[in-house]
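Visitor: I'd like a close look at one part of this model, the inside. Could you walk me through any enclosed space there, and then carry on to the loops?

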Amino acid sequence: MTDSTVRIDITDLPAAVRQFLTALDTRDTTALAGILTPQASVTDEGHTYTGIPSITEWMANAASEFTYTTTPVAAERTGTHRFTLTQHLEGDFPGGSVDLGYRFTLDGALISSLVIAP
């Protein structure tokens, strides 16, 4: 945590972040498209997907070969527009469990950037 980072309750994450997590869990690409800026980017497993069509395709295919559960662990706010959610994943992927940081940047009420990494 940096000096400007504040821990927050997971329920205090912005609506777009909470909606993104629900859309990801349910693979709801229509809901996802409504909470992204037109030039949003998502970086996951070293690949960056830019623009709504690329991101919705990523989501439709993301981790489709594995079954896993997610448990929110912690949330932080860095400044006005940046939020990090740490989630614990357990499943049948290599290693079986991992804690991932979902680092969101917002532009107004929409997500403009997301980086997913350990």
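Guide: Sure, let's start inside. Searching the whole structure turns up 1 cavity of 30 Å³ or more. Keep in mind that this is a predicted model. The volume of the largest cavity comes to about 40 Å³. As for which elements supply two or more residues to its lining, those are α1 and β4. The biggest contribution to the lining of the largest cavity is that of α1, with 3 residues. If you want to pick out the lining in your viewer, select Leu21, Leu24, Asp25, Tyr68, Thr70, Gln87 and Tyr102. By class, that lining splits into 4 nonpolar, 2 polar and 1 charged.

Now follow α1 to its end. The helix spans 15–26, and in the loop between α1 and α2 (29–33) you'll find Arg27. Have a look at the backbone there: phi of Arg27 is near 60°, a positive value in a residue other than glycine. That's worth a second glance, because most residues other than glycine have a negative phi. Arg27 has a relative accessibility of 27%, so this residue counts as partly exposed, given that the partly exposed class lies between 20% and 50%.

There's another positive phi to visit, this time in a hairpin. The strands β2 and β3 pair in the antiparallel sense, over 4 bridges. To get your bearings on that pairing, take Val42, whose bridge partner in β3 is Tyr49. The hairpin has 2 residues between the strands, and Glu45 takes a positive phi near 50° in it. In sequence terms, Glu45 lies in the loop between β2 (36–44) and β3 (47–50). Glu45 counts as exposed because its relative accessibility is 69%, and the cut-off for exposed is over 50%.

One more loop rounds off the tour, and it takes us back to β4, one of the elements that give two or more residues to the cavity lining. β4 covers 68–78 and β5 covers 82–91, with Gly79 in the loop between them. Gly79 counts as partly exposed because its relative accessibility is 39%. What might catch your eye here is a contrast between sequence and space: Gly79 and Thr5 are 74 residues apart in sequence, yet 7.0 Å apart in space, C-alpha to C-alpha.

Notes: Residues are numbered from 1 along each chain as its sequence is written. This is a predicted model: local features need pLDDT of at least 70, side-chain atom pairs count only at pLDDT 80 or more; totals for chains, interfaces and linings use all residues. Side-chain values use heavy atoms; hydrogens and water are left out. Buried means under 20% relative accessible area, exposed over 50%, partly exposed in between (1.4 Å probe, protein chains only). On a 1 Å grid over the protein atoms alone, a cavity is a set of points where a 1.4 Å probe fits but cannot get out, and a pocket is an open set with protein on both sides within 12 Å along at least five of seven lines; lining residues have an atom within 4 Å of a point. Grid points are joined across faces, edges and corners, and a volume is the space filled by probe spheres set on the points. Ala, Val, Leu, Ile, Met, Phe, Trp, Tyr, Cys and Pro count as nonpolar, Asp, Glu, Lys and Arg as charged, and the others, Gly among them, as polar. Two strands pair if DSSP finds at least two bridges between them.
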